[in-house]
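Work through the exercises below with the model open beside you. Try each task before reading its solution.

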Amino acid sequence: MKFRNFKLVGYVVYGRGSFEQLDEILNPHRKAGQPMVFLVDHYFEGKSLPNRIPLRDNDIILYVDVTTEPKTIYVDELASRLKQEFGSISGVIGIGGGSTMDLAKAVSLMMNNPGSSADYQGWDLVKVPGVYKVGIPTLSGTGAEVSRTTVLTGPTKKLGMNSDFTPFDQIVLDPELTKDAPANQRFYTGMDCYIHCIESLEGTFLNEFSKSYGEKALELCRKVFVEKAMWDEESDDQLMMASYAGGMSIAYSQVGVAHAVSYGLSYLLGTKHGIGNCIVMNHLEEFYPAGVKEFKYMVEKNKIDIPAGICSGLNDDQFNKMIDVSMGMKPLWENALGKDWEKQMTRDRLRALYEKL
Ligand code: NAD
Ligand code: ZN
């Protein structure tokens with residue numbers, strides 16, 4: 001038995017208003033003549049948050065378009081633009097949801113690694129550390145702030161740059177930054193965390209490390225979406241910690257059926273991660289009976305719409321493409337169903353599941 005020895009985030013600051021400490025945090029990492037580059041979710045353009053970014057010298061803010069989830073070509077374009085303009089940079093700070101944080105991690109790595117980010121989609125392909133990188137979430141749930149991957153859609157696959165060089169050097173967890181998230185988005189991203197917990201806790205890879213974090217994250221999700229089901233400061237504080245703990249739980253286990261199926265939707269139809277997981281979770285009674293029951297209760301109590309019928313009208317080729325992508329997520333299926341998962345999850349069974357969505 002070989003145990004995973006995983007790299008964690010370097011520094012963590014948590015607290016309402018901790019964003020104000022950013023200048024002090026960044027200063028020791030500044031290199032003469034090289035800017036700090038703030039990659040900011042385009043939602044914040046024209047809002048008040050950018051005025052609070054501690055710009056110095058030749059620092060810049062780049063608003064990133066997260067209408068679609070991050071693509072390798074977008075990462076390559078951002079990194080080559082920065083290399084051309086500045087040569088080197090002091091660091092990258094990603095301020096936004098999971099998409100923006102993933103872009104920041106990937107751009108940091110591509111500042112120092114040759115070729116295209118598509119060359120590094122996989123496990124442990126990155127060989128050189130990136131530039132200093134900071135993650136500042138403005139949505140809670142993905143766990144991208146703590147994970148060792150950055151999920152990218154490339155020319156041939158949707159897969160992360162999963163490596164020891166991928167975790168952030170610093171994260172700033174300030175729940176105040178999530179206060180304006182629309183109710184639906186807050187729920188979809190929050191459910192990503194809930195689903196991480198169910199998949200981790202019900203999975204075959206579970207150990208006490210994952211369980212400890214998964215149970216805590218689940219408890220916090222329940223406080224937010226079952227007990228309260230309304231927005232307030234305390235629930236934003238709780239959801240940010242749920243996201244962190246949920247991410248720590250899957251760091252040592254794996255996600256499961258909802259993610260494996262949702263990856264197919266995302267590859268073919270561009271369905272976004274949070275909502276895609278919710279669409280799938282709605283139909284997973286046979287795999288996670290108690291979790292799905294509670295999920296449905298939360299959907300109702302929080303008055304959220306989960307789209308239905310998104311696969312109606314697809315042809316055989318399209319179903320096969322989704323099945324190929326999903327079946328490729330081997331560790332996820334193994335975690336969910338055990339070593340003999342291929343006997344249990346046949347292409348026909350998966351097709352029947354996609355047809356329900
Ligand atoms: P997101 O980053 O895709 O953003 C969703 C929407 O919310 C966007 O329109 C964005 O502009 C908006 N938004 C962000 N913050 C806001 C705020 N405070 N107020 C109002 N609007 C705001 O959403 P997400 O669910 O956080 O992230 C999903 C992404 O994360 C996917 O690309 C997925 O692949 C990735 N992901 C990564 C990991 C990882 O470990 N690296 C894990 C899970 C998911
Ligand atoms: Zn997820």
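**Exercise 1. Which residues does M281 touch, not counting residues up to four places away in sequence?**

Solution. Contact means heavy atoms within 4.5 Å. By that rule, M281 touches Y194, I195, I198 and A258. Y288, G291, V292 and F295 are also touched by M281.

A word on the source: this is a predicted model, where local features need pLDDT of at least 70, side-chain atom pairs count only at pLDDT 80 or more, and totals for chains, interfaces and linings use all residues. Residues are numbered from 1 along each chain as its sequence is written, chains are lettered from A and ligands numbered from 1 in the order in which they are written, and side-chain values use heavy atoms, with hydrogens and water left out.

**Exercise 2. Place M281 in the largest nonpolar core.**

Solution. Start with the term. A nonpolar core is a set of buried Ala, Val, Leu, Ile, Met, Phe, Trp, Tyr and Cys residues joined through side-chain atoms within 4.5 Å. Buried means under 20% relative accessible area, exposed over 50%, and partly exposed in between (1.4 Å probe, protein chains only). The largest core has 57 residues. M281, Y194, L284 and Y354 touch the most other members. Helix α4 gives the most to this core, with nine residues. Another core, of 34 residues, lies apart from it. Its members include L39, I89, Y120 and Y244.

**Exercise 3. Find the donors of the zinc ion (ligand 2).**

Solution. Donors are N, O and S atoms within 2.8 Å of the metal (3.2 Å for Na, K and Ca); water is not among the atoms, so sites may look incomplete. Here D192 coordinates through OD, and H196, H259 and H273 through NE2, at 2.1 to 2.2 Å. The spacing in sequence is D-x3-H-x62-H-x13-H. H196 sits in helix α4 (residues 183-201) and H259 in helix α7 (residues 257-269), so the pair ties together parts that are 63 residues apart in sequence. Helices (H or I, at least four residues) and strands (E, at least two) are DSSP runs, numbered from the N terminus. Both H196 and H259 are buried.

**Exercise 4. Is T166 buried or exposed?**

Solution. Locate T166 in the loop between β8 (158-162) and β9 (170-173). T166 counts as buried because its relative accessibility is 0%. Next, check the side chain of T166. One of its polar atoms lies 2.9 Å from the backbone oxygen of M161. Finally, list the residues that T166 touches beyond four places in sequence: K105, L109, K133, R148, T149, T150 and M161.

Key: Polar contact = N/O pair within 3.5 Å; in protein donor to acceptor, adjacent residues only side chain to side chain.
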